[in-house]
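Colleague: Could you take a close look at one part of this model for me? I'd like a single chain walked through piece by piece, with the cut-offs spelled out.

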Amino acid sequence: MNSGTSGFLLAAILLAPLSAPALAQSAQATSTTQSSYSGATADFAGAGQAGEWTSQARDYANTRYSPLDQITPTNVGRLKLAWTFSDGTQYGHEGAPLVVGDTMYLVTPFPNTAYALDLSKPSPSIKWKFEADPSPQSIGKACCDAVIRGWAYADGKLIYNMLDDHTVAVDANTGKQVWRTEMDKVSHGVTMTQSAFVADGKVFVGNSGGEMGVNGWLAALDLGTGKELWRAHAVGPDSDVRIDATFKPFYDWMKGKDLGVKTWPPNAWNTGAGASWGFVSYDEKTKTIFYGTSNPGPRVPVQRPGDNLWTSSMFARDPDTGMAKWGYQFTPHDQWDYDGVNEAVLLDMPIEGKMRQTLVHFDRNTYAYTIDRNTGEVLVAGNFAYQNWSTGFDMKTGRPIVDPAREPKPGVKIDKVCPPDIGQKDWEPPAFSPATGLLYVGVFNICMSLTDHEVSYIAGTPYDGMEMQRFSVDGSDGNWGGLLAWDPAHGKKIWEIPEKFMVMSGVITTASNLVFYGTTDGWFRAVDAWTGKVLWSQKLGSGIIGQPITYMGPDQRQYVAVAAGVGGAAMVQQARDGFLPRGNTLYVFSINGDTITAPNEDTPSAVSPSEASSSPSQQ
Amino acid sequence: MSIIRVAVGAVILVILAVGVTAWWVTTRAQTDARVAVAWPEGVAAAVPQGLSAGEAPPITVSIDNPLANDPNAAEEGKKLFSQMNCAGCHGYDAKGGMGPDLTDIEWRYGGRPIDIFKSIYEGRAQGMPAWGNALPTAPIWQLVAYIQSLGGTFAPSAEGQPQQAVNQGLGAQAGQKQ
Amino acid sequence: MKRLIAIGLTISLAGCSAPLSYLDATSPVGGSIASLGWGLTAISVGVCLIVGVLLLVAIWRGSPRGAATVVPVNDRAPIRWIGVGVAISTVFLLGSAIWTLVTVHSIAGSPRPAALSIDVIGQEWWWAVKYRSDDPSREFTTANQLVIPVDVPVQINLTSRDVIHSFWVPKLGGKMDMIPSRTNVTWLEADKIGDYRGQCSEFCGLQHANMAFNVRVMSQADFDAWRNQQLQPAASVAGDPRLRTFMVRCAACHTVRGTPAGGILGPDLSHFGSRETLAAGLLPNTPENLARWINNTQTIKPGAKMPELHMLASETADVTGYLEDLK
C-alpha cells in the first residue's frame, strides 16, 4: 500500500463520521421531503391572517388548511383543555367558530343566538349577544335537527341564516342588527340551516327542505343591504334555474331546454326539492361559485319518473348574475336520498400527465369525483367507501350504472342498500394538506334496509316515504365510521382510521402535518397527516358533529377549538352502547392548557364583614 | 202409460218451468233496479237542512275516545298515520324523528285521549300542523286510537295517569315521568 | 215452443241495450268472447233439447208390456245408443274446449303492439288511472275514467292498493283480476266511438257494487287533444278564494295538478270538470250531484273512505264551483 492510498484511507476514516449526520439528515429528509401523493395544489385566497379563521372553510377553495405550526406532531401530546363555553341550547352543533382579530364569533343552533367572545380576556368573555328570535314553528319542519351549519364574517358584519328562513347581518362590534331579509316561508316546509357564504361582495344563501317537497334555490344578497340580487332554483323552467345560452354542460344528457321541467311528470317539479344546504366554494380567478343541490322530492322515486334535473347535482355559476356556466348531476333519478350538496374543494392537479383545474367532491352516493371545474367533465370517479347501489361508472356518458336489485318499489323491503340515505359521507367537510396532496375526510360505514311508501304532498309535512333501519356494513359488531386519506388525482384511498362510531365532524389540517377530527361518540383526535398515526385523543362530553378550527390567540398561543353537541343525522346511532347524550359546549385546547389568566387585580380577595358592608360593591 | 211415468214427466216439466220463470223474473228486476241506482234523476236530495244552512255546529267531544270500543279504529288510524305523513315526522314506528316519540309516557301537551285529539286538531307551536280543517273528527279519533294502542297514553280520567300505571295500580301524576 | 223462442229473443235483445252487456261487443276481444258465448249457448241448448226430447220419448214409449225384461247378452242396440251419445258429446265437448282455448289465447295479447299504456290501480272503491309514457313529462294521473283512441290496442297494467278487485269492460274486453303486490296486464281495443261502462267484478267489500268507471272512446285526433288538455296545469286564477277553501278542506287527500293540493289518498281531481261521472261511476257529474256527494258521502256510498265532512254551505259552494270549473 503506498502513501497515497493510505492517505486516502486515513482521510476516509477521518471524514466518515462527518457523513453520519449527513446520512441521518437525509433519513429525516425522506419524511420531510416526501413527495405529495397527488401533486395537487390549492389557491388559499379568501383566508384572513395566518392566525385567524374568518370563514367556515377558511378560504374560498374550501381547503380548511391552516398555515399555523406551533402545535406539532411532537408537542400535540401535551394538548390540554384551556377553556370551554356552553351556549345553553339542546340541538346539534355543526358550525365552526370564527376568529377575526381578537374576537371569536359563534351562533347557536335554534334559537340562533349569536355571541362575540373577547379572546383577549380570560375566556369565555362575552362581548355581546344577539338574540335573533326565530319562530319555533321551524323546529318541526327541520328534517335533521334544528341546526345551523355555519356563519360568515365580512365587511364588519356577522352574517347567518336563521332556521325560520331569514338571513340576518349583525354588526360585529356592537352586536346590533344591520339588516334582516326574509327568504322563504316555514308554512311551505322550508327551513334554512345552510352556512351563509360571502364572496365578491355578495352573501350566498340556500334553503333546506329536501324531505319537505320544497322548491330548492340558492340566492345572492347584497352584502351591505341584504337586498336579494338573484335567486337560482334547482327545478323548473330555465328561467327559474337561471340557464341561458351560456350554459355549457359537458355531457349530452344535460343539454336541452327546460330540462328542470321535462325530466319530471307534469308540475311535479314544483315540489321537486333540490335544496341547497351545503357549503359554497369560489374560484376568484374565473369568478365562479360552486355548490350542490339536494335529493329530489318526494324521496319515493316511483312518484317522479325521469332524471329529475337539477336535483343531486352541482352547479357552477357566475356570482354576479347567477347564470349557470355548467352543471353535472351525480345521481340521475336518485332513489335513495343521495343529495348532491357536499362541498367542492378547488384544487389544481396533474391528471394523466396534464395539469388540470379541478374540484374534488365526495358525494353521498359514495363516489369521490374529481371534475374539471371549468367544463364539468368527470376526470376521476372512484368509490371512497363500500356501496352496492351501483355496479360501476360509465366514464363516456358520465352516468353511474344502477343495480336494478337496489331500486325500491313501494311496499317491498330491500334488506341491504349501501350507503343509506345519509351516504357514507354526509355534509361533514374534508380538509386538504398541500404537503401530502391528500384530502382527509370523515366517513361512515353503514347500510340501510329500505321500504318505500307512496306519499301525499301536504304543505308543511314531510314529502318523504322512506322507512329505514341503519346498520354497519360489517354486521352487528361492525364499525360505523372512520377517517380516511384520499388521493384525488388517482382516486385511491391511502389509509383509513376505523372508528366505532360515525365520523361526522369537519376536518382541518395544519402546516405541521397534523389532522384534527372528532367522532360522534365524543373522541377528538390529532393524527399524523402522512401516516395516519393517532398522536393525541381526548374524550369530550358529547358526540362531535361540529367543524374544528385552529387559531392564534392574542397571547400568541395556537389554540384548537371544536364544539361537542351531538345531533343531526348522527342520532341514527342513539340506541348504540356508548352513545353520549346531547351537549352544547365549545372546547378550546392549547399546549398544556395554557391560556390567558385573570390579572391579579381582577381576582377578588376575601374581606371581613365590616369591610364588606362599607364597600360600594355591596349596593 | 203408468201413473209413475206421468208423474215423473210432470215433475221434469214443472222444474223446467220454474227455472225459466225464475230466471226471467230475476233478470227483469235487476235491470230495473240498476237503472234506478245509477241515474237517480228526479230523486229528491236527502241533505238534512240543518247541516248545510248557517254556521257549523260546535263540536262537542268527550273526554274519552268515542271509538274506544271500535276494534277497527286503531287499524284505520295506523293507515292514516302513514297517509297523512305523521310517519314522516314521528317515524314509521312512531318512535320519533323530526317530531317527538309517541310511544313513551312523555307528553308536552298532555297524554289523555282528549289532549292528543286537541294537539292534532289545533296544531302546536313547534311545528305540529293543525289538522282540524283538513280532517273531520272521526279520522282524528282513529289516529288517537292508534296512538293509544302504542301504550304510552294516559287514562281519560281527570287525574290523567299513564294508562300503564293505572293498570298496574301504580300512581304518577299527569305529565310527570315515573 | 214459439213462445219460448219469443221470450228468449226478447230477453237477449233487452240485454243488448244495457251498458254492461257483453253480448253486444264492440271490440275484437269482446267480439270473440261474445261469439264464444253464443256458440257455447247454442251447443248447450241444442244438447239440452236433444237429451230432453230423447228422455220424453223414452218415458212416453216405456218398456214392452208384460214381458220380463231380460236383455239378451248380444243385443247391441242400447249400447249403440249410448255409444252414439258419448261420441256426439265428446265431439261437441272437445270442440267447445278447443274453441274456448283458441279464444282465450287470441284475447290474451294484442296482435299489434300497444300504442298506449295505462296503469289502473284499484282501491276501495275507486280506480286510479295513470297514463304512462316514455317521456316522463307526458305522464299524468286521473281517476274513474279511461279515455282511449278508437281502433288502437291499449295496454292496461292492473294492480290493487288493498284487496283483490277485477277490471272488466264488458263491451271491450275480458275480466282481469287486480291483485295487490302484483301487476297483471290486459288490453282493450274498441271498434266504435262511444261511451262504455266498466265494473269491478271481484267482490271487494261493502261498495263493490258501486265501483264502476266509464271508458270513452274517441278518434285519435280528439284523444290527442284530450291528452294535451289533461297535461295542462289547473287553470286557476291567482288568489281564487274557492281554491283556498279547497286547499283547506280537500287537499290532504286529493291532488289537483298545478296547485299545491297533492293528496294521494283519494282520487286525483285534476280536470274534474271534464269527467262524466263521480264517485266511481255512481252519479253523473253535475254540480248538484257533487254537492250531494260532498255533504252526504256516507249516505250515498256507506263505508266509502271519504268521511262525512260537515262542511258549511259556503264551503260546499266554493268547492263545487271550483271543481266543476276544472275542465
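Modeller: Here is a walk through chain C, from its domains down to one residue and then out to its neighbour. The model is predicted, so local features need pLDDT of at least 70 and side-chain atom pairs count only at pLDDT 80 or more, while totals for chains, interfaces and linings use all residues. Residues are numbered from 1 along each chain as its sequence is written, with chains lettered from A and ligands numbered from 1 in the order in which they are written.

Domains to start with. Chain C is assigned domain 1 (2-60 + 75-108), domain 2 (116-221) and domain 3 (241-324); such bounds come from an automatic or database domain assignment. The centres of domains 1 and 2 of chain C, taken over C-alpha atoms, sit 31 Å apart. Across that boundary, 13 residues of domain 1 of chain C are in contact with twelve residues of domain 2 of chain C (contact: C-beta atoms, placed from the backbone, within 7 Å). On the domain 1 side, helix 2 (residues 28-61) of chain C gives the most, with four residues (helices are DSSP runs of H or I, at least four residues; strands are E, at least two; both numbered from the N terminus). By class, that side has eight nonpolar, four polar and one charged residues (nonpolar: Ala, Val, Leu, Ile, Met, Phe, Trp, Tyr, Cys and Pro; charged: Asp, Glu, Lys and Arg; polar: the others, Gly among them).

Now Asp119(C), which is found in strand 1 (residues 116-123) of chain C. Asp119(C) counts as partly exposed because it has 17 C-beta neighbours inside 10 Å (20 or more would be buried, 12 or fewer exposed). Skipping residues up to four places away in sequence, Asp119(C) touches Lys130(C), Arg132(C) and Asn157(C). Asn228(C) is 109 residues from Asp119(C) in sequence and 18 Å away in space, C-alpha to C-alpha.

Next, a helix pair. The axes of helix 5 (residues 241-250) and helix 8 (residues 313-324) of chain C come within 8 Å and cross at roughly 105° (axes are lines fitted to C-alpha atoms over the stretch in contact, and angles run from 0 to 180 degrees between N-to-C directions). Helices 5 and 8 of chain C are therefore roughly perpendicular (65 to 115 degrees; under 35 is roughly parallel, over 145 roughly antiparallel, the rest oblique). Their contact includes Phe246(C) and Arg249(C) from helix 5 and Asp318(C) and Tyr322(C) from helix 8. It has six nonpolar, two polar and four charged residues.

Finally, 16 residues of chain C are in contact with 16 residues of chain A. The chain C side divides into nine nonpolar, five polar and two charged.

Technical notes. Two residues are in contact if their C-beta atoms, placed from the backbone, lie within 7 Å.
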